[in-house]
Amino acid sequence: MKLFIKGRSGKKLGVSAGIALTVSNMVGTGAFTSLGYQLYDGSSVWSVALLWILGGGTAFCGAVAYYNLILRYPGSGGETHFVTQMYGRSWGHAVALLSIVFGFMAPIALSAIAFASYMRTLIPWDLKILASLAIVLVSLVHLLSLTVRGVFQTGLAVVKIGMILLFIIGGLLHIGDPNTLNWTMQSEQLSPIFTAPFLGALMFVHYAYSGWNTSVYVFDQLENKRTVYFSLFLSVVLVTVLYVLLNLVFMCSVDVDLLRGVTEVGQVVGNAVFGPVYGGVVVSIIGLLLIGNVSAMIWAGAQVSLRYKELLWSGDTSERKNSLHLLIIAVGSILFVLKYDFEALLLITSCILSLVSVAVVLGLFWIPLIQRKPNNLTLSTKICVICYAVMMLSSSIYVLLISKE
């Protein structure tokens, strides 16, 4: 598969680069930080595995919905573009602001903070300064040509997958005491499903899968709809398999009590599997790989900002004007880094993104009803839309409830 294909308007991203961009956005902060928040009292290895399978299934259902949306409303900008086409420009303005602030600026800040947390073993700087510097440097990369950005993103995605495979293989060769895990599947182990702790854990899983829809944000920079198709579905399937294996290996490698409530899960497991010396190197590489999340979201976020400008004013939205929107995303992300802590930012970000995406996918039902047109969705698509909405709303409601306590 080609990275780039020469089109009439210049080079565009091929299937490989599209998948790389999506994988880079998905795999990152959540992969190496979520497990500690999923090991609640009563959880088992099977309940944790089910969490990641459900998260992957939810992302896949969302991909089905978004692919149907992009077929109906082709164009870059993601939710901003879809809402504008379905509900009008006024709603498009509101969603654009929410997407820019909480869909990109806040997650970029989260990834940058996670990067700084891992890298402090090598660079003992202030956490916020290190995170802000990472955002600035990655933004400078995206001022370069599309070819450079595509190669940079593809390289990060390849190294990310390689690092996860290294953890999986290394963990399998260093299995901890099997008595620390309960591998038996009994009915009481499935009873906590959809209880409050399970929904809370699922919220972190949804965040770990966020980014599965990256390709729709940069649709105009992709060669064709086939590229969108593969970058949506292959990325979700690949990441789901890797996530399930990775977290099973995490739980097998060390005593789960050492992971419960821990943010830097990769650091604990890395030191246990590879030793303090090599573990430190691996942990530092994990920190560097989190740059891939920052890079992918800065890229996609600039496209949403560009789309917002189109909504407000008509004018030149060429690649040469992209630098202003990169600057907007970078400055906003740095402000989040300087003002908020990790957990509070993650909670509000997850909730807002879930509600916006649910409103978008339900438009597949709502718009034909308003326009009094037949709904030509297939039965499988309808099921996927409903499942996605139910799963995302349940987690969002849980977040809203615990935020009031």
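The following exercises, each with a worked solution, concern a predicted model.

**Exercise 1.** Determine where Threonine 22 lies, whether it is buried or exposed, and which residues it touches.

*Solution.* Begin with the secondary structure, where Threonine 22 is found in helix α1, which covers residues 15-26. Next take the relative accessible area, which is 0% for Threonine 22; because buried means under 20%, Threonine 22 is classed as buried. Finally, list the contacts, leaving aside residues up to four places away in sequence: Threonine 22 touches Gly211, Trp212, Thr214, Ser215, Ser231 and Ser235.

**Exercise 2.** Place Leucine 137 in its helix, classify its exposure, and identify the nonpolar surface patch that includes Leu137.

*Solution.* Leucine 137 belongs to helix α5, made up of residues 127-141. Its relative accessible area is 48%, and since the partly exposed class runs between 20% and 50%, Leucine 137 is partly exposed. On the surface, Leu137 joins Trp125, Ile129, Leu133, Val136, Leu140 and Leu143 in a nonpolar patch, and together these residues have about 640 Å² of accessible area.

**Exercise 3.** Find how many cavities of 30 Å³ or more the structure holds, and describe the largest cavity by its volume and lining.

*Solution.* Counting cavities of 30 Å³ or more gives four, and the largest cavity contains about 470 Å³ of space. Its lining consists of 34 residues, and those nearest the centre are Ser210, Gly211, Trp212, Asn213 and Leu353. Turning to the helices, at least two lining residues come from each of several, among them α1, α8 (196-209), α11 (265-312) and α13 (342-361).

Technical notes. Residues numbered from 1 in each chain as written. Predicted model: local features only at pLDDT ≥ 70, side-chain atom pairs only at ≥ 80, totals over all residues. Heavy atoms only, no water. Helix = DSSP H or I, 4+ residues; strand = E, 2+ residues; numbered from the N terminus. Buried < 20%, exposed > 50% of the residue type's maximum accessible area, 1.4 Å probe, protein only. Contact = heavy atoms within 4.5 Å. Patch = residues over 30% accessible without salt bridge, like charges linked within 9 Å, V, L, I, M, F, W, Y side chains within 5 Å. Areas by Shrake-Rupley, 256 points an atom, 1.4 Å probe, with all protein chains shown as cover. Salt bridge = Lys/Arg side-chain N within 4 Å of Asp/Glu carboxyl O. 1 Å grid on protein atoms, 1.4 Å probe; cavity = no way out; pocket = protein on both sides within 12 Å on 5 of 7 lines; lining within 4 Å. Points joined across faces, edges and corners; volume = space filled by probe spheres on them.
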